[in-house]
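The following exercises ask for a careful reading of backbone angles, side-chain pairing and helix packing. Please work through each task before turning to its solution.

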Amino acid sequence: MSRLTVQTLESAPEASQPYLAKAKAKNGFIPNLLGVLANAPTAIETYVTVSEINGRTSLTLAERETVQITAATNHGCAFCVAGHTAVCYKVGKLEPELVNAMRDQTPLPDAKLEAVAEFTRAVIRSRGAVTPEELQAFQDAGYGEQQVLEVILGVSLATLCNFANTLAGTDLNPELSAYRWERKA
């Protein structure tokens, strides 16, 4: 049971309603994360706006989802792991071997994506104060300064969602239950 109200299209503050309506039209349902964020119109606006911006980065969908799932698994956000798993399969058509490795925090079968995951973990662990070696390893994998900052952008988006869900104890929507994730002990 969520500790914060999961707003509906009818109960949400008026300023949040357009964001919920757009999410329902896009997904066929309103993800409970958005219902929680709708309690603060500026929070849901930030999420939607930064999500759209994140989608325009130079990172591929697989790279962006690597950042999102890596952050969510590191932050322990089961809701976001499930939601981004759905995106990996439904939108990205990514291979189960890759997605499972992301979810399990095991080495990814793609070297470039593994570099993204490692750099994302370094950014989170150090709160941005990555070592020169961690930065160099990311750059040696073929990424430049633009992608360094785009990973930080993705981590900032994930942090909003991961922390809001963790604080709220957001319940997983039935539509995402096939992608349920639990932190391994």
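**Exercise 1: backbone angles in two loops**

Gln105 is found in the loop between H6 and helix H7 (111–126), helices here being DSSP runs of H or I of at least four residues, numbered from the N terminus. This is a predicted model, in which local features need pLDDT of at least 70 and side-chain atom pairs count only at pLDDT 80 or more, while totals for chains, interfaces and linings use all residues. Residues are numbered from 1 along each chain as its sequence is written, and side-chain values use heavy atoms, with hydrogens and water left out.

Task: Determine what phi Gln105 has and where Lys93 lies.

Solution: Begin with the general expectation that most residues other than glycine have a negative phi. Gln105, although not a glycine, has a positive phi of about 55°, and at 33% relative accessibility this residue counts as partly exposed (buried is under 20% relative accessible area, exposed over 50%, partly exposed in between, with a 1.4 Å probe and protein chains only). Turn next to Lys93, which lies in the loop between helix H5 (78–90) and helix H6 (96–104); its phi is near 55°, again a positive value in a residue other than glycine, and Lys93 is exposed, with a relative accessible area of 61%.

**Exercise 2: salt bridges**

Task: State how many salt bridges the count comes to, and which residue pairs with Glu52.

Solution: Take as the rule a side-chain nitrogen of Lys or Arg within 4 Å of a carboxyl oxygen of Asp or Glu, by which the count comes to 4 salt bridges. One of them joins Glu52 to Lys22, with the closest N and O atoms 3.0 Å apart. Since Glu52 lies in helix H3 (residues 41–54) and Lys22 in helix H1 (residues 17–27), the pair ties together parts that are 30 residues apart in sequence. Arg121 and Glu114, whose closest N and O atoms are 3.6 Å apart, are both buried.

**Exercise 3: packing of two helices**

Task: Describe at what angle H8 and H9 pack and which residues make the contact.

Solution: Helix H8 (residues 132–140) and helix H9 (residues 145–168) pack at an angle of about 115°, their axes being 10 Å apart (axes are lines fitted to C-alpha atoms over the stretch in contact, and angles run from 0 to 180 degrees between N-to-C directions). The two helices are therefore roughly perpendicular, a class that covers 65 to 115 degrees. The contact (heavy atoms within 4.5 Å) is made by Leu135, Phe138 and Gln139 of H8 together with Glu145, Gln147, Val148 and Val151 of H9.

Terms used: Parallel < 35°, antiparallel > 145°, perpendicular 65-115°, else oblique.
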